[in-house]
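Student: I'm new to this structure and would like a close look at one part of it. Could you take me through the helix packing and the core, step by step?

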Amino acid sequence: MAETFGATKEELVDLAHRRMSSAIPDSDWTTRQKVALTCRILFDAGHDSGLAGQITARAERPGTYWTQRLGLGFDEITEDNLLLVDEDLHVLEGTGMANPANRFHSWVYRARPDVECIVHTHPLHIAALSMLEVPLVVSQMDLTPLYDDCAFLPLWPGIPVGNEEGELISAALGDKRALLMAHHGQLVAAGSVEEACSLAVLIERAAELQLLAMSAGTVKELPDALAREAHDWTSTPKRSQASFAYYARRALTTHQDCFTGGA
């Protein structure tokens, strides 16, 4: 006999979260493996733009993080060719050099101790939306993890290799998890690699939907209270782990080389 038909929404949400905590297992992937997987996942999701874009994740030593080697595309990243760099982009482990544009990542990490992973890319629909100098509008249920959680930088500071750009980008991001940058691209700053990857996939889809909706009419706003409820419902570590695991399974069917010894 059913026992939950008289339960409130709050009680059912709590029950679902408790069930997810035991039903969705933690992965045993290392940070380096998750960064390599994120590169492949985002390549498949259309985030590649030649050599543009960076993915970084904090390493164990304070003030250091993992990132890809300049000269390699997202589809070429493996756990073995990632670099360990410090805040000045000195290579501490690995061969080659980091993208000089990684400098603003150091500023974001300093400003946001809660951030463990940063994804910055120039995917097609984000890039197109950025040309219009308009903020991201979250107006569909699937996109609510980004509701009131995506800042907007209306100024283009030029090439992001100076400290001025680091200050500007980190300030524009504020306490949000995402940032749309006019004439540039997107940035996601999250508490885990899994969360950052999932939000990066989502923000490109959000831009695509916004452009489609704008071409047909006026985008209507979501009810604020319900949108915030949906944001919180979907913005949990277990949700991010489940999404990342799905994307990873798909990626590993065609990108088995991203791990040492295969998948």
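Tutor: Here is a walk through the helix packing, the cores and a few loop residues. Keep in mind that this is a predicted model.

Let's start with helix 6, residues 193-216, and helix 8, residues 237-252. Two packed helices are described by the angle between their axes and the distance between the axes. Here the angle is about 70 degrees, and the axes are 8 Å apart. That makes helix 6 roughly perpendicular to helix 8, since angles of 65 to 115 degrees count that way. So who touches whom? On the helix 6 side you'll find E194, E195, C197, S198 and V201, and they meet S240, Q241, S243, F244 and Y247 of helix 8. Sorted by type, the residues of this contact are four nonpolar, four polar and two charged.

Now for the inside. In soluble globular proteins, nonpolar side chains tend to be buried together. The largest nonpolar core in this model has 46 residues, and L37, I41, V119, L136, L146 and V188 have the most contacts inside it. Among the elements that give two or more residues to this core are helix 2 (31-44), strand 1 (54-58), strand 5 (117-121) and helix 4 (124-130). Helix 6 turns up again here, and it gives the most to this core, with 10 residues. Pick out L146 and look around it: setting aside its neighbours within four places in sequence, L146 is in contact with L136, V138, A178, L199, L202, I203, A206 and H231. There is also a second, separate core of 18 residues, which includes V115, A151, L173 and M181.

L173 takes us to helix 5, residues 163-173, where the buried residues are E165, G166, I169, S170 and L173. They cover an arc of only 120 degrees around the axis, so they sit on the same side of helix 5. Flip to the other side of helix 5 and you meet E164 and A171, which are exposed. What lies over the buried residues of helix 5? The cover includes helix 3 (103-111), strand 6 (150-153), strand 7 and strand 8. Just after helix 5 comes G174, with a positive phi near 60 degrees.

Since helix 3 is part of that cover, give it a look too. In helix 3, the residues F104, H105, S106, V108 and Y109 are buried. Their cover includes strand 1, strand 2 (64-67), strand 5, helix 5 and strand 8.

Back to phi for a moment. Most residues other than glycine have a negative phi, and most peptide bonds are trans. L89 is not a glycine, yet its phi is positive, near 70 degrees. You'll find L89 in the loop between strand 3 (83-86) and strand 4 (91-93). L89 counts as buried because its relative accessibility is 17%, and buried means under 20%. H183 isn't a glycine either, and its phi is positive at about 60 degrees. H183 lies in the loop between strand 7 and strand 8. With 38% relative accessibility, H183 counts as partly exposed.

One last stop is E229, in helix 7 (residues 224-234). E229 counts as partly exposed, at 35% relative accessibility. E229 and P145 are 84 residues apart along the chain, and their C-alpha atoms are separated by 9.8 Å.

Technical notes
Residues are numbered from 1 along each chain as its sequence is written. This is a predicted model: local features need pLDDT of at least 70, side-chain atom pairs count only at pLDDT 80 or more; totals for chains, interfaces and linings use all residues. Side-chain values use heavy atoms; hydrogens and water are left out. Axes are lines fitted to C-alpha atoms, for helices over the stretch in contact, and angles run from 0 to 180 degrees between N-to-C directions. Helices (H or I, at least four residues) and strands (E, at least two) are DSSP runs, numbered from the N terminus. Angles under 35 degrees count as roughly parallel, over 145 as roughly antiparallel, 65 to 115 as roughly perpendicular and the rest as oblique. Contact means heavy atoms within 4.5 Å. Ala, Val, Leu, Ile, Met, Phe, Trp, Tyr, Cys and Pro count as nonpolar, Asp, Glu, Lys and Arg as charged, and the others, Gly among them, as polar. A nonpolar core is a set of buried Ala, Val, Leu, Ile, Met, Phe, Trp, Tyr and Cys residues joined through side-chain atoms within 4.5 Å. Buried means under 20% relative accessible area, exposed over 50%, partly exposed in between (1.4 Å probe, protein chains only). The arc is that of the directions from the helix axis to the C-beta atoms.
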